[in-house]
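Trainee: Could you take a close look with me at one part of this model, the salt bridges, and then work outward from there? I would enjoy one connected walk-through.

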2 protein chains.
Amino acid sequence: MPRNAKGVGKKLQVENLFWIGFIGSVVALVFAFVQRNKVMKFSEGTELMQKIASSIREGANAYLKRQYSTVIKIFAVVFVILLILSATHMLDNFFIPFAFLTGGIYSALAGFIGMKIATASNARTANAAHESLNRGLNVAFSSGSVMGFTVVGLGLLDVTVWFHILKYAAGYDAAQIAQTMVMFGMGASFMALFARVGGGIFTKAADVGADLVGKVEAGIPEDDPRNPATIADNVGDNVGDVAGMGADLYESYVGSILATFALGATAFFDEGMGWNAMLLPLAVAVVGVLCSLLGTFLVRTQENADQRSLLKTLRKGTYTAAVLAAVVAAPITYVLMGSWGAYVAILAGLIAGCAIGYFTEYFTSDTYKPTQTLADSTETGAATTIIGGLSLGMQSTAAPIVIIGIAIIVAFLAAGGSLHTASAAYEASFSKGLYGIGIAAVGMLSTLGITLATDAYGPVADNAGGIAEMSGLGEEVRTRTDALDSLGNTTAATGKGFAIGSAALTALALLVSYVDVVNAKTAGMAGAAIDLKLTNPAVLVGIFVGAMLTFVFASLTMSGVQRAAQSIVVEVRRQFREIAGIMEGTTDPDYASCVDLCTRGALHEMIAPSLLAIIVPVITGLILGPEAVVGLLGGVTVTGFAVAVFMSNAGGAWDNAKKYIESGKHGGKGSDCHKAAVIGDTVGDPFKDTSGPSLNILIKLCSTVSIVFSTLVINFNLTSFMG
Amino acid sequence: MPRNAKGVGKKLQVENLFWIGFIGSVVALVFAFVQRNKVMKFSEGTELMQKIASSIREGANAYLKRQYSTVIKIFAVVFVILLILSATHMLDNFFIPFAFLTGGIYSALAGFIGMKIATASNARTANAAHESLNRGLNVAFSSGSVMGFTVVGLGLLDVTVWFHILKYAAGYDAAQIAQTMVMFGMGASFMALFARVGGGIFTKAADVGADLVGKVEAGIPEDDPRNPATIADNVGDNVGDVAGMGADLYESYVGSILATFALGATAFFDEGMGWNAMLLPLAVAVVGVLCSLLGTFLVRTQENADQRSLLKTLRKGTYTAAVLAAVVAAPITYVLMGSWGAYVAILAGLIAGCAIGYFTEYFTSDTYKPTQTLADSTETGAATTIIGGLSLGMQSTAAPIVIIGIAIIVAFLAAGGSLHTASAAYEASFSKGLYGIGIAAVGMLSTLGITLATDAYGPVADNAGGIAEMSGLGEEVRTRTDALDSLGNTTAATGKGFAIGSAALTALALLVSYVDVVNAKTAGMAGAAIDLKLTNPAVLVGIFVGAMLTFVFASLTMSGVQRAAQSIVVEVRRQFREIAGIMEGTTDPDYASCVDLCTRGALHEMIAPSLLAIIVPVITGLILGPEAVVGLLGGVTVTGFAVAVFMSNAGGAWDNAKKYIESGKHGGKGSDCHKAAVIGDTVGDPFKDTSGPSLNILIKLCSTVSIVFSTLVINFNLTSFMG
């Protein structure tokens with residue numbers, strides 16, 4: 001291993017400081033446990049509430065159990081493939097198959113724990129909201145913070161444990177550790193994709209099914225206990241919005257750290273600063289955990305607080321955490337890197353995340369013009385509502401793309417890169433500049449503990465509203481849970497900004513890592529340089545394939561929801577027809593059969609899109625070589641980002657336009673405008689909760705898959721056999 | 001000019017053979033004139049029919065007059081800017097501003113003549129269909145062929161005239177001619193974009209407006225003379241589908257020839273084969289004209305023919321022309337180039353065009369499963385209809401992308417390129433391979449004369465149906481015009497395949513030309529090499545911006561239709577309310593005011609999206625340099641292609657799903673399924689007739705704009721001032 005001699009850090013013996021990851025991890029997990037205990041002390045309320053909550057819990061548990069048992073089989077197949085590749089030297093080492101497993105397990109665990117606490121908190125939130133809005137927020141937010149801190153705690157644990165195994169048990173140097181660990185993200189991404197797609201299909205199939213028959217055909221309100229799909233709908237919030245989101249952000253968090261490890265080890269290898277560049281993302285993450293924890297203590301308010309002061313306190317918590325993290329990261333970055341460049345990149349990431357969050361809110365909140373204009377377009381019917389929403393979503397891609405573009409350029413230049421191709425600095429500083437893009441992503445996600453808490457409490461509030469409705473807690477409680485829910489939508493917009501922005505930056509960092517890996521592996525071969533210029537037809541075709549993958553993936557996830565929802569529609573109609581006494585409220589509908597149908601539908605429909613993400617990059621590489629893979633990663637990242645923003649924002653705007661009309665505008669509930677808005681919202685459901693967020697994972701999974709299978713592609717692609 | 005000595009061709013004195021372009025041009029234009037005279041001999045029918053036809057004619061003329069007078073102002077501004085650039089040596093020579101004008105004028109002329117003959121043929125088609133289906137086809141197809149041959153005739157004229165001016169009046173060599181002429185496409189593209197966007201907004205605003213109030217609210221049938229927007233609707237078919245399409249395909253045709261000129265001159269410069277490589281696309285085009293002409297003579301059938309034999313005869317015409325062109329092109333290509341490589345590329349283009357056409361038909365025709373499944377999804381309402389159509393459209397991007405990908409790789413390899421980056425052949429043969437991509441596009445469009453004829457006759461049949469309805473010609477005539485219309489939809493699918501496939505290939509050829517231009521211009525500068533590798537942040541950000549441009553452009557064109565349509569809705573409602581006797585048929589509605597509103601709306605809404613295509617590439621270049629422009633062109637080509645396919649096919653499928661239901665399936669007209677299908681069709685209108693086809697032009701306009709402004713960007717971009 002020629003890199004050994006130089007790869008050892010010099011300053012501060014930084015290579016021995018990676019145990020700080022354990023500190024961050026333990027603090028986060030202990031805090032999550034404390035918060036969990038706090039939540040569990042609250043009462044679940046009346047017997048009926050307990051019964052409903054336990055039905056939801058059972059449904060969610062049953063779904064996750066079956067989801068995991070399906071996923072395990074797929075993981076087993078991939079694991080065996082990886083073992084075979086490892087045995088035939090098509091993988092760098094035999095750790096990768098096992099790291100694939102731990103990534104999957106931790107990601108699943110993050111989702112599972114989040115779901116557990118969410119299903120334990122929904123009735124407690126409803127009951128607490130019965131007493132006051134503030135108590136309701138307290139329970140829901142604590143529940144969200146269990147999830148937030150579990151995700152970051154598990155993420156840091158996974159990263160730190162493997163780092164120490166590779167360094168001390170295997171004796172790897174910085175470059176080897178980084179290049180091995182960047183492949184570890186694949187397990188987490190793969191699991192996250194299943195969780196997001198499966199959960200997303202479940203939740204929207206139940207939602208669409210419940211709405212189409214219950215609300216539209218039978219004319220009963222949302223969450224009415226007479227609707228056979230209502231429990232499935234509430235289960236869906238937990239398995240999709242909570243478990244799916246947990247797995248998703250676990251993957252973003254770990255992915256951004258690992259990609260930055262790899263970029264840092266390459267960029268600073270020659271200066272012997274590899275360990276420093278690797279310690280920085282870990283240190284920033286740990287600082288983020290501690291600052292997030294402090295931030296949560298600021299989320300408290302008077303007992304008689306109104307919605308506005310609740311929003312203020314939530315924002316105070318997240319912004320204080322972010323500012324604090326930015327302040328503390330400054331000296332650490334300077335000491336580790338010897339300059340301010342990386343720090344500016346971190347700031348660029350943080351600011352870009354906030355800015356994207358702002359524009360997400362601008363385009364989807366009914367307090368701004370776009371969503372109000374969308375509500376106006378319901379006046380001329382469903383068709384103009386759809387055109388309006390699609391147009392709004394497409395238009396809303398502009399701001400995030402400009403922001404990400406600026407963040408990329410600023411991070412690259414600040415970290416030492418040059419854009420003046422003719423200058424001597426260009427090649428010399430190129431990889432340092434790219435390190436800036438990675439560390440910007442880490443900066444964006446550093447306070448994930450608290451941003452995720454504000455994001456994850458939304459579905460809990462949503463569920464609490466359902467339980468309040470089903471158990472007849474009265475209008476006032478429902479108003480409070482609705483207030484919590486709508487508050488959640490606002491804060492979730494910021495969270496989404498961070499999630500989507502970090503996904504793009506992490507995917508780009510992984511793309512660059514892929515190029516580094518390929519360059520390193522082909523360096524020894526006879527003249528096997530790769531040519532990544534955009535006019536290379538392999539690169540061009542790769543970009544086309546990446547765009548295709550995005551659209552086909554979005555199509556499959558949408559049509560998956562459609563097919564699953566149609567089976568629910570049929571079942572709900574059957575129950576209304578065949579089970580006497582449902583509409584009179586004298587007989588309980590068969591909730592379990594709807595949960596079961598959603599489960600089967602989701603599991604069935606999640607397979608194809610998820611496998612695409614593995615198969616397409618590998619096949620493309622085997623036919624057209626690593627250049628086409630780089631093109632594919634570029635194409636899927638850019639198109640995936642744009643389509644994710646388009647779909648998420650269109651869906652969000654339709655949802656809020658409907659709520660805006662329900663608040664009494666344009667004739668209010670039951671008007672023709674409302675009917676048009678409901679159609680928009682139904683189209684938006686798979687947009688914003690299935691296809692959109694899944695695309696964030698797709699773009700990263702493609703990159704890690706490509707890295708893992710890189711040796712195979714380099715050695716066995718068709719172009720390498722050509723003259 | 002150091003290139004002079006070598007640039008002169010050796011074999012066959014090919015440099016003196018470019019007059020063949022005049023032959024092709026004259027033959028095409030004379031044939032178009034003959035066909036026109038043939039059409040004019042038919043009678044326009046009853047007095048009422050003549051009156052209606054003349055209203056449509058007047059409306060279409062009035063619109064085009066105002067559109068051209070608006071566009072002239074914008075052209076004047078750009079012309080002055082180009083003159084200033086030319087005077088300050090920011091343009092290669094002073095021909096470019098004038099070529100910009102001729103490109104615009106010829107493109108406008110192609111659209112204008114097409115529109116003239118279409119508005120002269122609609123009543124004649126209706127009247128001929130009164131006698132027999134075959135006579136109706138005869139008039140409509142002859143009218144379509146006037147447009148088809150006018151487009152190719154004018155295109156060849158423009159190219160050949162300028163070639164001879166540059167060669168003989170200016171004394172340019174092959175490379176200089178090619179590099180100058182590749183900029184000439186900008187005028188044609190710019191005009192085409194205005195025609196497509198303006199016409200597209202006009203036609204869909206009228207269509208949506210007429211449907212929303214007339215069909216849905218007032219419950220009167222399509223094309224009912226009581227509907228105040230019905231004349232505007234029929235005018236729209238002419239200014240959007242005919243004039244817009246003419247300008248669009250004029251631009252594709254000329255663009256593919258000019259891009260191939262540029263690629264050929266660069267690739268074969270060293271071997272002194274530049275003239276040969278430039279003559280080839282012209283020769284292929286001329287061959288295509290002659291074969292198309294022969295093909296039109298095959299389009300005839302017995303007097304009592306049914307719809308199926310009509311389709312057969314139309315297909316016989318187009319396929320015979322294509323096969324004939326392929327056969328004749330073989331010896332010409334071999335003689336000119338001395339090998340079969342370019343010929344295989346031409347075949348790849350032709351086959352890819354047919355294959356994309358097949359899949360377009362598969363996804364949008366109700367004889368195949370996708371559209372039937374879409375019709376099924378109307379059973380659960382409008383929301384599932386929309387989700388189904390969007391999902392279908394996204395899925396349908398897969399086949400065209402795979403086909404284009406294969407065509408690119410085959411054309412590149414066949415023309416001599418290598419994908420094995422490490423081989424010695426790679427760099428040496430790179431530009432020859434890229435020439436293959438250009439010549440494939442020329443091959444795809446060579447028989448445009450006849451494919452466009454089968455495409456352009458559809459709107460004439462559509463209009464004929466309208467006139468038959470309005471003048472009360474009876475059910476039987478309407479059935480025949482509907483048959484002609486539906487036949488038109490089927491053949492148009494093939495035409496669309498060629499249009500969209502050639503747009504992608506031409507855009508890529510132009511992208512490569514841009515890189516050649518920049519390389520040539522920076523070659524003399526001190527170390528100013530450009531770095532086009534995908535990991536260059538400027539390239540990456542450029543790709544992001546290209547994707548953004550696609551989505552924002554699609555959003556603006558869609559919302560433009562929406563706003564214009566809403567003004568029509570208000571006006572039609574006003575007329576129903578204020579003018580007594582409309583519904584009883586005793587008073588004529590005020591048709592002119594709707595035409596006027598559509599005109600104003602279209603002209604107002606077309607400006608912003610069209611200017612974007614010029615402004616964004618230039619601004620991006622000035623900030624981030626030519627690398628970012630290349631990224632942008634790659635991003636907009638790939639994303640634009642995918643979104644164009646998505647929108648066109650989703651729109652086509654909704655349209656045909658509606659017609660399928662109207663044929664009696666799922667409850668037929670007036671059923672709930674039909675209502676859902678109408679909503680889908682209304683959403684699909686701007687998809688398939690405004691945004692989708694405009695994107696084809698956008699991707700090429702961005703490239704030519706970038707080439708024209710390349711000197712400015714190279715000299716004054718921000719990165720060149722960096723250290």
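Mentor: Happily! Let's begin in chain A, where the side chains of A:Glu476 and A:Arg480 meet in a salt bridge, at 3.1 Å from N to O. Keep in mind that this is a predicted model. Both residues belong to helix α17 of chain A and sit four residues apart, about one turn of the helix. Helix geometry helps here: with 3.6 residues a turn, residues three or four places apart point the same way. The two partners differ in their surroundings, though. A:Glu476 counts as exposed because its relative accessibility is 51%, just past the cut-off of 50%. A:Arg480, at 18%, counts as buried because the limit for that class is 20%.

A similar arrangement turns up in chain B. There B:Asp596 pairs with B:Arg600, with 2.9 Å between the closest N and O atoms. Again the residues are four apart, about one turn, this time within helix α19 (residues 591-624) of chain B. B:Asp596 is partly exposed, with a relative accessible area of 26%, and B:Arg600 is partly exposed as well, at 46% relative accessibility.

Now for a pair that reaches between helices. A:Glu361 forms a salt bridge with A:Arg315, and their closest N and O atoms are 3.0 Å apart. A:Glu361 lies in helix α11 (residues 341-364) of chain A while A:Arg315 lies in helix α10 of chain A, so this pair ties together parts that are 46 residues apart in sequence. A:Glu361 is buried at 12% relative accessibility, whereas A:Arg315, at 25%, is partly exposed.

While we are on helix α10 (residues 307-337) of chain A, look at A:Thr333, which lies in it too. A:Thr333 has 0% relative accessibility and so counts as buried. Setting aside neighbours within four places in sequence, its contacts are A:Leu280, A:Gly338, A:Ser339, A:Ala342, A:Tyr343 and A:Ile346.

Salt bridges can also join into something wider than a pair. In chain A, a network of them links A:Lys204, A:Asp207, A:Asp655, A:Lys659, A:Asp685, A:Lys688 and A:Asp689. Over all chains, the count comes to 62 salt bridges.

How many of these salt bridges run between chain A and chain B? The count there is two. In one of them, the side chains of B:Glu427 and A:Lys533 meet at 3.3 Å, N to O. The chains also share 18 residue pairs in polar contact, counting those with both residues at pLDDT 80 or more. On the side of chain A that touches chain B, at least two residues each come from α13 (382-395), α14 (398-414), α15 (425-445), α17 (475-522), α18 (537-578), α20 (626-662) and α21 (672-708). The largest share, 20 residues, is supplied by α18(A). By type, that side of chain A divides into 58 nonpolar, 27 polar and six charged residues. In total, 91 residues of chain A are in contact with 91 residues of chain B. About 7400 Å² is buried between chain A and chain B, with carbon and sulfur atoms giving 79% of that area.

One last stop is helix α6 (residues 174-181) of chain B, where eight of its eight residues are buried. At its N-terminal end B:Asp173 acts as a cap, with a side-chain oxygen 3.2 Å from the backbone nitrogen of B:Ala175.

Key:
Residues numbered from 1 in each chain as written. Chains lettered and ligands numbered in written order. Predicted model: local features only at pLDDT ≥ 70, side-chain atom pairs only at ≥ 80, totals over all residues. Heavy atoms only, no water. Contact = heavy atoms within 4.5 Å. Buried area = accessible area lost by both parts, 1.4 Å probe. Salt bridge = Lys/Arg side-chain N within 4 Å of Asp/Glu carboxyl O. Polar contact = N/O pair within 3.5 Å; in protein donor to acceptor, adjacent residues only side chain to side chain. Nonpolar A, V, L, I, M, F, W, Y, C, P; charged D, E, K, R; others polar. Buried < 20%, exposed > 50% of the residue type's maximum accessible area, 1.4 Å probe, protein only.
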